[in-house]
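Welcome, and thanks for taking a look at this one. Below is a short briefing to read alongside the model.

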Amino acid sequence: MSQVKNEIIAHYDGEVNFFESFLDAYMKYTCGYFETGDDIDVAARRMLDRLIERSGVKEGDSVL
């Protein structure tokens, strides 16, 4: 295995509390769809809702 691949694996095998210190409530790198006055959690949820809506995924569908 390449050194770079080993470093990537080691990075993502880290302790959960390390990732909680900078990831959002959904444990993803923070980004969002902001409207005036939103905090990051509201904007992150709005972004996920928009992605789901635009993807056409419906209740009961499976997504990998």
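A residue counts as buried under 20% relative accessible area, as exposed over 50%, and as partly exposed in between. By that rule aspartate 49, at 35% relative accessibility, is partly exposed. Please keep in mind that this is a predicted model. The points below cover helix 3, the salt bridges, a nonpolar surface patch and one buried phenylalanine.

**Helix 3 and its ends**

- Helix 3 covers residues 40-55, and at 1.5 Å a residue its 16 residues should span 22 Å. The C-alpha atoms at its two ends are indeed 22 Å apart, so expectation and model agree.
- Ala43, Ala44 and Met47 are the buried residues of helix 3. Viewed down the helix axis, these buried residues fall within an arc of 100°, so they line one face of helix 3.
- As general background, an α-helix has 3.6 residues a turn, so residues three or four places apart point the same way.
- What caps the N-terminal end of helix 3? Aspartate 39 does, with a side-chain oxygen 3.1 Å from the backbone nitrogen of aspartate 41.
- Beyond the other end, glycine 56 comes just after helix 3 and takes a positive phi of about 85°.

**Salt bridges**

- How many salt bridges does the structure hold? There are three. In general, side chains of opposite charge can pair when their charged atoms come close.
- Aspartate 49 pairs with arginine 45, and their closest N and O atoms are 3.0 Å apart. The two residues sit four apart in helix 3, so about one helical turn separates them. Arginine 45 is partly exposed, because its relative accessible area is 41%.
- A network also appears: Glu35, Asp38 and Arg46 are joined by salt bridges that share partners.
- Within that network, aspartate 38 bridges to arginine 46 with the closest N and O atoms 2.2 Å apart.
- Arginine 46 also forms a salt bridge with glutamate 35, where the closest N and O atoms are 3.7 Å apart. This pair links distant parts of the chain, with arginine 46 in helix 3 and glutamate 35 in the loop between helix 2 (16-20) and helix 3.
- Glutamate 35 and arginine 46 are eleven residues apart in sequence, and their C-alpha atoms are 9.4 Å apart in space.
- Is glutamate 35 buried, exposed or partly exposed? Its relative accessibility is 46%, so glutamate 35 counts as partly exposed.

**The nonpolar surface patch**

- Six residues, Val4, Ile8, Tyr12, Phe18, Phe22 and Tyr29, make up a nonpolar patch on the surface. Together they have about 620 Å² of accessible area.
- Which element gives the largest share of the nonpolar patch? Helix 1 (residues 3-12) does, with three residues. Tyrosine 12, one of the patch residues, is placed in helix 1.

**A buried phenylalanine in helix 2**

- Phenylalanine 19 is found in helix 2. Its relative accessible area is 7%, so phenylalanine 19 is buried.
- Phenylalanine 19 and tyrosine 29 are ten residues apart in sequence, with 9.3 Å between their C-alpha atoms. Tyrosine 29 belongs to the nonpolar surface patch.

Definitions and conventions: Residues are numbered from 1 along each chain as its sequence is written. This is a predicted model: local features need pLDDT of at least 70, side-chain atom pairs count only at pLDDT 80 or more; totals for chains, interfaces and linings use all residues. Side-chain values use heavy atoms; hydrogens and water are left out. Patches are made of residues with over 30% relative accessible area and no salt bridge: like charges are joined within 9 Å, nonpolar side chains (Val, Leu, Ile, Met, Phe, Trp, Tyr) within 5 Å. Accessible areas come from the Shrake-Rupley method with a 1.4 Å probe; for residues, only the protein chains shown count as cover. A salt bridge is a side-chain nitrogen of Lys or Arg within 4 Å of a carboxyl oxygen of Asp or Glu. The expected span of a helix is 1.5 Å times one less than its number of residues. Buried means under 20% relative accessible area, exposed over 50%, partly exposed in between (1.4 Å probe, protein chains only). The arc is that of the directions from the helix axis to the C-beta atoms. A polar contact is a pair of N or O atoms within 3.5 Å; within protein, one must be able to donate a hydrogen and the other to accept it, and residues adjacent in sequence count only if both atoms are side-chain atoms.
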